[in-house]
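Trainee: Got a minute to go through this one with me? I'd like to start with the charged side chains and then wander about.

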Amino acid sequence: MTIENTTIIKLQKLATIIAVSLLSLVLTAAISGLLIAFYYEPSAGGAYTSLKQIDTQINFGWLILTVHHLAGNGFTILALIQIVVMFFSEQFRPAWIVAWVSGILLTLSAVGLGWTSMILDWSQQGFWRFKIELGTIEAIPLIGSTLGTILTGGDAISTETVVHLYTLHSYVLSFVAIGLAIFHLAGLSIQEIEIDPTIAPDLDPPV
């Protein structure tokens, strides 16, 4: 077996390990998010107050919030790392197309989850960041203003905006991310089984 093939195989196995970690993180984020939803109020002003209540008044609320944030951020970072690992392990070849495409979509869903969460705490930082990025979206020719209206639910950032982004974050992108994580891991697992037949011709004959 050549050194190049050995390196590729190690990277492919690492990609599978990362895929398991991605699925674990997205499930952790989903479960902690479900617990937060029992007390979270998706409204302008109410979002900030409810999160403060969870953090300071609900038993272990601070821990659940911390786990949710860490799992979400870790999911995004690890998804980006996975793309790099898959690239260098030659998983962009046709034989790895399923794992490659699902990995890209999984990374996009992770970025989407992070983006839709920016205003859910109704903080000053999240509000102004969303307002700036909303201006960029509305500047897109032809569809920009329509997308802006869909996201905000009107002409200004309000309770409707929080509800819309909360719906996208909790009920759309979360389920998409879980499904893609399962699909991605399954694709990598199946392809890893095929590693041995693939490298068999490169093995040195027995002495």
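**Charges, loops and helix faces**

Mentor: Arg-129 and Glu-133 make a salt bridge, with their closest N and O atoms 3.2 Å apart. A salt bridge here is a side-chain nitrogen of Lys or Arg within 4 Å of a carboxyl oxygen of Asp or Glu. Before you read on: this is a predicted model, where local features need pLDDT of at least 70 and side-chain atom pairs count only at pLDDT 80 or more, while totals for chains, interfaces and linings use all residues. Residues are numbered from 1 along each chain as its sequence is written, and side-chain values use heavy atoms, with hydrogens and water left out.

Trainee: Where do Arg-129 and Glu-133 lie?

Mentor: Both are in helix H5, four residues apart, which is about one turn of the helix. Helices (H or I, at least four residues) and strands (E, at least two) are DSSP runs numbered from the N terminus.

Trainee: How many salt bridges does a search of the whole structure find?

Mentor: One. Side chains of opposite charge can pair when their charged atoms come close.

Trainee: And how exposed is Arg-129?

Mentor: Arg-129 has a relative accessible area of 42%, so it is partly exposed. Glu-133 is partly exposed as well, at 23%. The cut-offs are under 20% for buried, over 50% for exposed and partly exposed in between, using a 1.4 Å probe and protein chains only.

Trainee: Stepping back, how many helices and strands are in the chain?

Mentor: Eight helices and zero strands. Of the 207 residues, 37% count as buried. The accessible surface is about 11,800 Å², and 71% of that belongs to carbon and sulfur atoms. Those areas come from the Shrake-Rupley method with a 1.4 Å probe, and for residues only the protein chains shown count as cover.

Trainee: What about contacts between residues at least 6 apart in sequence: what share join residues at least 24 apart?

Mentor: That share is 71%, with contact meaning heavy atoms within 4.5 Å. For a case of two distant positions, take Ala-30 in helix H1 (residues 3–37). Its C-alpha is 8.5 Å from that of Ile-178, although the two are 148 residues apart along the chain. Ala-30 is partly exposed, at 29%.

Trainee: Now H6. Which of its residues are buried?

Mentor: H6 covers residues 144–152, and Gly-144, Gly-148, Leu-151 and Thr-152 are buried. Looking down the helix axis, these buried residues fall within an arc of 85 degrees, so they line one face of H6. The arc is taken from the directions from the helix axis to the C-beta atoms.

Trainee: What covers them?

Mentor: The cover includes helix H4 (97–116), helix H5 (124–138) and helix H7 (159–193). Just after H6, Gly-153 has a positive phi of about 80 degrees.

Trainee: Fine for a glycine. Which residue in the loop between H5 and H6 has a positive phi without being one?

Mentor: Leu-142, which lies in that loop, with a phi of about 70 degrees. Most residues other than glycine have a negative phi. Leu-142 is exposed, at 83%. Phe-60 is another non-glycine with a positive phi, about 60 degrees. Phe-60 sits in the loop between helix H2 (46–56) and helix H3 (61–88), and is exposed at 58%.

Trainee: Back to H4. Is Thr-107 buried or exposed?

Mentor: Thr-107, which is in H4, counts as buried at 9% relative accessibility. Its side chain reaches the backbone oxygen of Ala-79 at 3.3 Å. Leaving aside neighbours within four places in sequence, Thr-107 is in contact with Ala-79, Leu-80 and Ile-83.

Trainee: And which residues make the nonpolar surface patch?

Mentor: Ile-97, Val-98, Val-101, Ile-104, Leu-105, Leu-108 and Phe-183, giving about 600 Å². The largest share, six residues, comes from H4. Patch members have over 30% relative accessible area and no salt bridge; nonpolar side chains (Val, Leu, Ile, Met, Phe, Trp, Tyr) are joined within 5 Å, and like charges within 9 Å. Leu-105, for one, is partly exposed at 41%.

Trainee: Last one: what does Leu-185 touch?

Mentor: Not counting residues up to four places away in sequence, Leu-185 touches Thr-16, Ala-19, Val-20 and Leu-23. Leu-185 belongs to H7 and is buried at 16%.

Note on methods. A polar contact is a pair of N or O atoms within 3.5 Å; within protein, one must be able to donate a hydrogen and the other to accept it, and residues adjacent in sequence count only if both atoms are side-chain atoms.
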